[in-house]
Amino acid sequence: MSQLYQECGRIITRVIAGTGSVKSLCLNSKNRAKKKLYAIVFNVLQNYQALEKIADEAGLEKTPFVCVHLYELLFRGSLSTGGPLKSKLMSLKPRLLELKKKHASTPTKQARLPLYVRINSLKVPDPVSVVRQLQEDFPGGAFAGDPHVNFLFRFPATTNFSEHPLYKNGTLIIQDKASCLPAVALSPPPGSVVLDACSAPGNKTLHLAALMKGSGRVLAIERDRKRFNRLKGSVHRHGADKVITPICSDFLKIDPTQPPYNTVTHILLDPSCSGSGMVTENLVTQFKPVNQNRLDELATLQRTLLSHALTFPALHRIVYSTCSLYEKENEAVVRSTVEGNPDWEVVPVIPDWTRRGHGVDMSGCVRCLPEDNTNGFFLACLQRKEKEPVVVDKSGAGKFKIQSVFVVGRLERRFKLPRGPYKYPYKFIAI
């Protein structure tokens, strides 16, 4: 257990320094007790200001490692470790309990977000039957449908689905509303070839497959081997093997001109970010400054990833999203990328969402805050500009209008028409 406490202290230190998010750091930890690790880290951060005050007035170091021990002793009632720190804390226990009464009423403020549950339509042919089952299991209007995302339902924050049979068999997916919006904004039609550039843990990937009604292909890219293995397990558990192809690769090392990537029509890019929009991360931004060097590094990586995505030859539409509140990772990344790629433009999505991007040129983007009953979030949808239609008259062929869409027609090969400066295939309509 001492190793668990040390790992908790290490993760809390990195979260406070702004070099990682709680979720990603816990998932990538070598400690196997990930659920317990996440629970301790989350609860310590939730009470961090009170724990620091208790440590300070008791003459203890105000380190994350000490705060973990204080939380376990004062809020959970026991310490599952030994050593000199435990002995010291036990000798101070009466004083520490007095300090807890003094400071526990001022925990770090946290927005209590609803619990969102999405019905996995890949798993069930009739989602309405699942709704009826939920109404039986949670009577009295305990939940409500979401106005922006189909088959997404909002439950009270304290609702526990961990042992619910529909959750355990993959019919229900616990997913924050904000993380459902990128797939809704991208809206790939059935039959599309979609690429999720940073796929794990896979909830957005599964949502894309569901919106495509199980028809088409989703290439799920994940470079980290451990996260990739979890992604594969999630795809299988949720009945998406026929649609989603997990690929363990670095997105930046993918050659867009090679199969199957040269047929990709839609991309969802949700890269690594500061995580500043996540409610658990907001718990620490109140008393620790953001690491500007880390923010600059993230923004540079994000621009590189987005620029690389725009090189896919058949790409028609892309959604870029982060769980960050900083313009440097959001509007600034999109703006500079669009300026360097004049064939692309930001298009408005989810029009009935009131909170929009910062700046007139980014008003088509979407922003979320805890006041919207979601985690903090940002998304932008970029679409390739349409080329002007061209009329071609070939001997014996009649006239055809050429439109830039992502389907290569036989007429193109027959008349040996150029693909154009955008490397973009044509669709032919007789006129």
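The following is a working chat about a predicted model of one protein chain.

Trainee: Where do we start, and how many helices and strands does the chain have?

Mentor: Keep in mind that this is a predicted model; in it, the chain has 16 helices and 15 strands.

Trainee: What share of the residues counts as buried?

Mentor: Of the 431 residues of the chain, 49% count as buried, while the area that the chain exposes comes to about 20200 Å², with carbon and sulfur atoms supplying 52% of it.

Trainee: And what about contacts, how many of them join residues that are at least 24 apart?

Mentor: If you take the contacts between residues at least 6 apart in sequence, 69% of them join residues at least 24 apart.

Trainee: Let's look at the sheet with S1 in it; what is the order of its strands?

Mentor: The order is S2-S3-S1-S4, which makes an open sheet of four strands with antiparallel pairing. S2 and S4 (172-174) are the edge strands, each of them pairing on one side only.

Trainee: How many bridges hold S1 and S4 together, then?

Mentor: Strand S1, which covers residues 115-119, pairs with S4 over three bridges in the antiparallel sense, and if you want a place to look, Ile-119 stands opposite Leu-172 in S4.

Trainee: Which strands does helix H8 lie across?

Mentor: H8 lies across S1, S3 and S4, and its direction is at about 140° to S1.

Trainee: Changing topic, how many aromatic pairs does the structure hold?

Mentor: The structure holds eight aromatic pairs. One of them is Tyr-38 with Phe-42, whose ring centres are 6.2 Å apart and whose planes are at 20°, so this pair is stacked.

Trainee: Why does that angle make it stacked?

Mentor: Planes under 30 degrees apart count as stacked, and the planes of Tyr-38 and Phe-42 are at 20°, so the pair falls in that class.

Trainee: Where do those two residues lie?

Mentor: Both Tyr-38 and Phe-42 lie in helix H3 (residues 34-46), four residues apart, which is about one turn of the helix. Tyr-38 counts as partly exposed at 33% relative accessibility, whereas Phe-42 counts as buried at 19%.

Trainee: 19% sounds like a close call, so why is Phe-42 buried?

Mentor: The cut-off for buried is under 20% relative accessible area, and Phe-42 is at 19%, so Phe-42 counts as buried.

Mentor: For another pair, look at Phe-143 and Phe-155, which are stacked with 4.8 Å from centre to centre and 15° between the planes. Phe-143 is in the loop between helix H8 (127-137) and strand S2 (144-145), and Phe-155 is in strand S3 (residues 152-155), so the pair ties together parts that are 12 residues apart in sequence.

Trainee: Are Phe-143 and Phe-155 buried or exposed?

Mentor: Phe-143 counts as buried at 14% relative accessibility, and Phe-155 counts as buried at 2%. Both of these residues belong to one aromatic cluster, which is formed by Phe-138, Phe-143, Phe-153, Phe-155 and Phe-161.

Trainee: Which charged residue sits over the ring of Phe-75?

Mentor: That is Lys-100, whose charged end sits 4.8 Å from the centre of the ring. In a further case, Arg-237 lies over the face of Tyr-167, at 5.8 Å from the ring centre.

Trainee: Now the backbone: where are the cis peptide bonds?

Mentor: One cis bond joins Ala-200 and Pro-201, with omega about 5°, and Pro-201 lies in the loop between strand S5 (193-196) and helix H11 (203-211). The bond from Pro-259 to Pro-260 is also cis, with omega near -5°, and Pro-260 lies in the loop between strand S7 (244-248) and strand S8 (266-269).

Trainee: What is phi for Ser-187?

Mentor: Phi of Ser-187 is near 45°, a positive value in a residue other than glycine; Ser-187 is in the loop between helix H10 (177-186) and S5, and counts as partly exposed at 42% relative accessibility. Lys-213 has a positive phi as well, near 60°, and lies in the loop between H11 and strand S6 (217-222), where Lys-213 is exposed with a relative accessible area of 69%.

Trainee: Last one, is Lys-204 buried or exposed?

Mentor: Lys-204, which is in helix H11, counts as buried at 16% relative accessibility. Leaving aside neighbours within four places in sequence, the residues in contact with Lys-204 include Asp-196, Asp-270 and Phe-377.

Key. Residues numbered from 1 in each chain as written. Predicted model: local features only at pLDDT ≥ 70, side-chain atom pairs only at ≥ 80, totals over all residues. Heavy atoms only, no water. Buried < 20%, exposed > 50% of the residue type's maximum accessible area, 1.4 Å probe, protein only. Contact = heavy atoms within 4.5 Å. Areas by Shrake-Rupley, 256 points an atom, 1.4 Å probe, with all protein chains shown as cover. Phe/Tyr/Trp six-rings, centres within 6.5 Å; stacked < 30°, edge-to-face > 60°. Lys NZ or Arg CZ within 6 Å of the ring centre and 35° of its normal. Pairing = 2+ DSSP bridges. Axes fitted to C-alpha atoms, helices over the stretch in contact; angles between N-to-C directions.
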